[in-house]
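Welcome! Please have a look at the model below, and then let us walk through it together.

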Amino acid sequence: MKFVKWVIAVSLCFIALTAMDYGDAQASASTSETKVSKQTVNQIKYVKSEGGLIVRKEAHSKGAKVTMLKNGSKVFVYTTDSNGWSHIKQGNVKGYVKDAYLVVQEQNTQNKNRKIDFSMSINQVEKAETAKLLRKSQKGNVSTLVYSAMKYGYSTELIYYYEDKKLGAIGFDFFPNRDRYSDWSEIQLIHDTLYKEGLKELGRNVETRSDGSYYISSLWDKGSYYVMLDVNRIDGYTMATLIYYQ
């Protein structure tokens, strides 16, 4: 039964995301696999790595070591490329670090742990939600509300998924731009970083599965609902979601 619930969670994850128009982003991803692209960030972030974070001279794992940043260090991020490397500055030091070790410090404590209430109507969510509404869509009997919200230190898209006017899932999409490409080691790193935050919020009643190549998923059983953390590669790009569902 738990395995069935697991499969349902994966299905809800895809339904919630494909209910929105990602055509342009997917088209961009498919043409960018052989060319590294850069996204301008110009934002303050913080190192989240208990063992510290190596700053390298070039944007690859064999780049010369410039320095080591301590956990919690504040850095300015200029750009992040599609291979997950960020060009950063701290003081007089400039270099490249893996973006998976950088997080945005949460400013609004209300965005940390939302009350999970699947009885809420669309109107009730719109009145209660304090995050910025990005878009609202309806396709047949499926409706979605998409907000910009912080989760586990990441700037995410928060998705409320309704079917037949009933709230079926609440999801956080950590990489909504579909422009990030990660190897297996980084997929593991992203999962482990989010997993540690999940343990703080959701507890240790969790089961983790992986195929050792493309995906890692962790499932929490909260009694009245389930929560699935899923990190994988789809059509070449990296996808990381946290889905609450019944």
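The report that follows goes from the overall make-up to the cores, the strands and the empty spaces.

## A first look

What you see is a predicted model. The protein has 246 residues, and 48% of them count as buried. Its secondary structure consists of four helices and 15 strands.

How do the contacts spread along the chain? Taking the contacts with a separation of 6 or more, 54% are between residues 24 or more positions apart.

## The nonpolar cores

A good place to start is the inside. The largest nonpolar core holds 37 residues, and the members that touch the most others are Tyr160, Phe174, Leu194, Leu242 and Tyr244. Two helices and several strands feed into this core: α3 (122-128), α4 (184-202), β9 (142-151), β10 (154-163), β11 (166-173), β13 (215-221), β14 (226-234) and β15 (237-245) each give at least two residues. Which element gives the largest share of this core? That is α4, with seven residues.

Another core lies apart from this one. It has nine residues, including Leu53, Val75, Val77 and Ile88.

## Strand β1 and its partners

Next, try finding strand β1, residues 38-47. With β4 (residues 74-81) it runs antiparallel, and seven bridges join the two strands. One of the residue pairs to look for is Gln39 with its bridge partner Thr80 in β4.

Strand β1 also pairs with β7, residues 102-103. These two strands run antiparallel as well, joined by two bridges. Here Val47 has Leu102 of β7 as its bridge partner. As general background, side chains in a regular strand alternate between the two faces of the sheet.

## The largest pocket

Now for the open spaces. The largest pocket contains about 610 Å³ of space. Its lining is made up of 28 residues, and Gln39, Lys45, Ser155, Phe174 and Asn177 are the closest to its centre. Two of these names have come up before: Gln39 is the bridge partner of Thr80, and Phe174 is among the residues that touch the most other members of the largest core.

Which strand supplies the largest share of this lining? The answer is β1, with six residues. At least two residues come from each of β1, β4, β7 and β10. Sorted by class, the lining has twelve polar, nine nonpolar and seven charged residues.

## The second largest pocket

The second largest pocket has a volume of about 320 Å³. There are 15 residues in its lining, and those nearest the centre are Ser61, Trp85, Lys98, Tyr101 and Ser185.

The elements β2 (53-56), β6 (93-98) and α4 each contribute at least two residues to this lining. So helix α4 meets us again, as it also gives the largest share of the largest core. By class, this lining is made of seven nonpolar, four charged and four polar residues.

## One enclosed cavity

Empty space can be found by rolling a probe the size of a water molecule over the atoms. How many cavities of 30 Å³ or more are there? The count is one, and about 40 Å³ of space lies in the largest cavity.

Around this cavity you will find Arg114, Ile116, Lys151, Ile170, Phe172, Glu201 and Tyr244. Four of the lining residues are nonpolar and three are charged, with no polar ones. Tyr244 is also one of the residues that touch the most other members of the largest core.

Key
Residues numbered from 1 in each chain as written. Predicted model: local features only at pLDDT ≥ 70, side-chain atom pairs only at ≥ 80, totals over all residues. Heavy atoms only, no water. Core = buried A, V, L, I, M, F, W, Y, C linked by side-chain atoms within 4.5 Å. Buried < 20%, exposed > 50% of the residue type's maximum accessible area, 1.4 Å probe, protein only. Pairing = 2+ DSSP bridges. 1 Å grid on protein atoms, 1.4 Å probe; cavity = no way out; pocket = protein on both sides within 12 Å on 5 of 7 lines; lining within 4 Å. Points joined across faces, edges and corners; volume = space filled by probe spheres on them. Nonpolar A, V, L, I, M, F, W, Y, C, P; charged D, E, K, R; others polar. Contact = heavy atoms within 4.5 Å.
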